[in-house]
Amino acid sequence: MNIYWGDIHNHCGITYGFGSLENAISAARNHLDFCSVTGHAMWPDMYEGIAELKFAMDYHKKGFKKLADNWDKVRKTIMEANTAGEFITFQGYEMHSRKYGDYHIVSPDDQLPLVEARSPADLIAKISPVQAIAILHHSGYTPGYRGGNWQEFNPEISPVAEVYSKHGCGISDRSPY
């Protein structure tokens with residue numbers, strides 16, 4: 001068996017991250033075997049009507065629109081970076097949710113559509129027959145504010161969960177950041 005190294009939850013300026021998609025792919029190619037650059041796509045249960053949060057919500061909406069407006073180019077760039085046997089790219093994007101927690105979907109299908117959905121299960125159903133998995137992340141955040149909701153977790157669509165990222169470790173509050 002071989003060991004492969006990858007990053008399936010990578011952000012950049014395709015939404016509200018930093019740097020170009022091309023740079024993110026190039027950096028991944030330099031030291032990984034596979035990657036997925038996952039733009040922020042939606043937040044169906046976003047806080048609305050709270051004046052103190054308007055700036056943050058507008059910021060997210062602007063990022064979601066940026067991804068939607070450029071989805072065909074993003075998808076094509078990721079597809080063209082895929083080099084069988086050398087460096088594998090996966091299509092994907094992220095969904096925020098207060099109820100379910102944050103998820104990103106990852107797909108080997110270059111025709112992955114960008115669709116709006118209310119839940120991770122709804123998202124997977126709407127993109128069918130495209131193959132994809134939904135990956136819970138930020139599992140250590142507070143449930144109700146984009147933290148993992150294990151009562152709603154569905155291993156049928158989410159065979160794995162991300163427990164460590166630049167946001168810290170979701171396994172223990174005593175783990176190194």
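This briefing covers the nonpolar cores, salt bridges, aromatic pairs and selected residues of the structure above. The model is predicted. Its largest nonpolar core has 32 residues, and a further core of six residues lies apart from it. There are eight salt bridges in the structure, and the count of aromatic pairs is eight.

**Nonpolar cores**

- Within the largest nonpolar core, the residues that touch the most other members are Leu21, Val37, Tyr93, Ile105, Leu123 and Ile127.
- Four helical or strand elements from the first part of the list of contributors are helix H1 (21-31), strand E2 (34-37), strand E3 (39-42) and helix H3 (71-81), and each of them supplies at least two residues of this core.
- Strand E4 (88-95), strand E5 (102-107), helix H4 (120-127) and strand E6 (133-137) likewise supply at least two residues each.
- Apart from this core lies another, of six residues, which include Tyr16, Met46, Tyr47 and Met57.
- Ile105 serves as an example of a member of the largest core. Residues up to four places away in sequence aside, Ile105 touches Thr38, Gln91, Gly92, Tyr93 and Leu112, among others. The list of its contacts also includes Leu123, Ile124, Ile127, Ile133 and Ala134.
- As general background, nonpolar side chains tend to be buried together in soluble globular proteins.

**Salt bridges**

- Side chains of opposite charge can pair when their charged atoms come close. Three of the eight salt bridges are described here.
- Lys73 and Glu22 form a salt bridge through their side chains, at 4.0 Å from N to O. Since Lys73 belongs to helix H3 and Glu22 to helix H1, the pair ties together parts that are 51 residues apart in sequence.
- Lys73 counts as exposed, at 54% relative accessibility, and Glu22 as partly exposed, at 42%.
- Glu48 and Lys61 form a salt bridge at 3.4 Å, N to O. Glu48 is in the loop between E3 and helix H2 (54-69), while Lys61 is in helix H2, so this pair ties together parts that are 13 residues apart in sequence.
- With a relative accessibility of 36%, Lys61 counts as partly exposed.
- Asp69 and Lys65 form a salt bridge at 2.6 Å, N to O. Both residues are in helix H2, four residues apart, and are therefore separated by about one helical turn.
- Asp69 has a relative accessible area of 52%. It counts as exposed because the cut-off for that class is over 50%.

**Aromatic pairs and charges over rings**

- A pair of aromatic rings is described by the distance of the centres and the angle of the planes.
- The ring centres of Phe55 and Tyr59 are 6.5 Å apart and the planes are at 25°, so this pair is stacked. Phe55 and Tyr59 are four residues apart in helix H2, a separation of about one helical turn.
- Phe55 is exposed at 69% relative accessibility, whereas Tyr59 is partly exposed, with a relative accessible area of 37%.
- Trp150 and Phe153 make a tilted pair, with 5.0 Å from centre to centre and 50° between the planes. Trp150 is partly exposed, at a relative accessible area of 44%.
- A cluster linked by ring pairs consists of Tyr16, Phe55, Tyr59 and Phe64.
- Arg98 lies over the face of Tyr47, 4.1 Å from the ring centre. Tyr47 is also listed in the core of six residues.
- Arg146 lies over the face of Trp43, 5.3 Å from the ring centre.

**His9**

- His9 is located in strand E1 (residues 6-10) and counts as buried, at 14% relative accessibility.
- The side chains of His9 and His11 are joined by a polar contact of 3.0 Å.
- Neighbours within four places in sequence aside, His9 contacts Ser36, Thr38, Glu94, His104, His137 and Glu162. Thr38 is also among the residues that Ile105 touches.

**Asn30**

- Asn30 is in helix H1 and is exposed, with a relative accessible area of 63%.
- From C-alpha to C-alpha, Asn30 and Lys73 are 22 Å apart in space, and their separation in sequence is 43 residues.

Conventions
Residues numbered from 1 in each chain as written. Predicted model: local features only at pLDDT ≥ 70, side-chain atom pairs only at ≥ 80, totals over all residues. Heavy atoms only, no water. Core = buried A, V, L, I, M, F, W, Y, C linked by side-chain atoms within 4.5 Å. Buried < 20%, exposed > 50% of the residue type's maximum accessible area, 1.4 Å probe, protein only. Contact = heavy atoms within 4.5 Å. Polar contact = N/O pair within 3.5 Å; in protein donor to acceptor, adjacent residues only side chain to side chain. Phe/Tyr/Trp six-rings, centres within 6.5 Å; stacked < 30°, edge-to-face > 60°. Lys NZ or Arg CZ within 6 Å of the ring centre and 35° of its normal.
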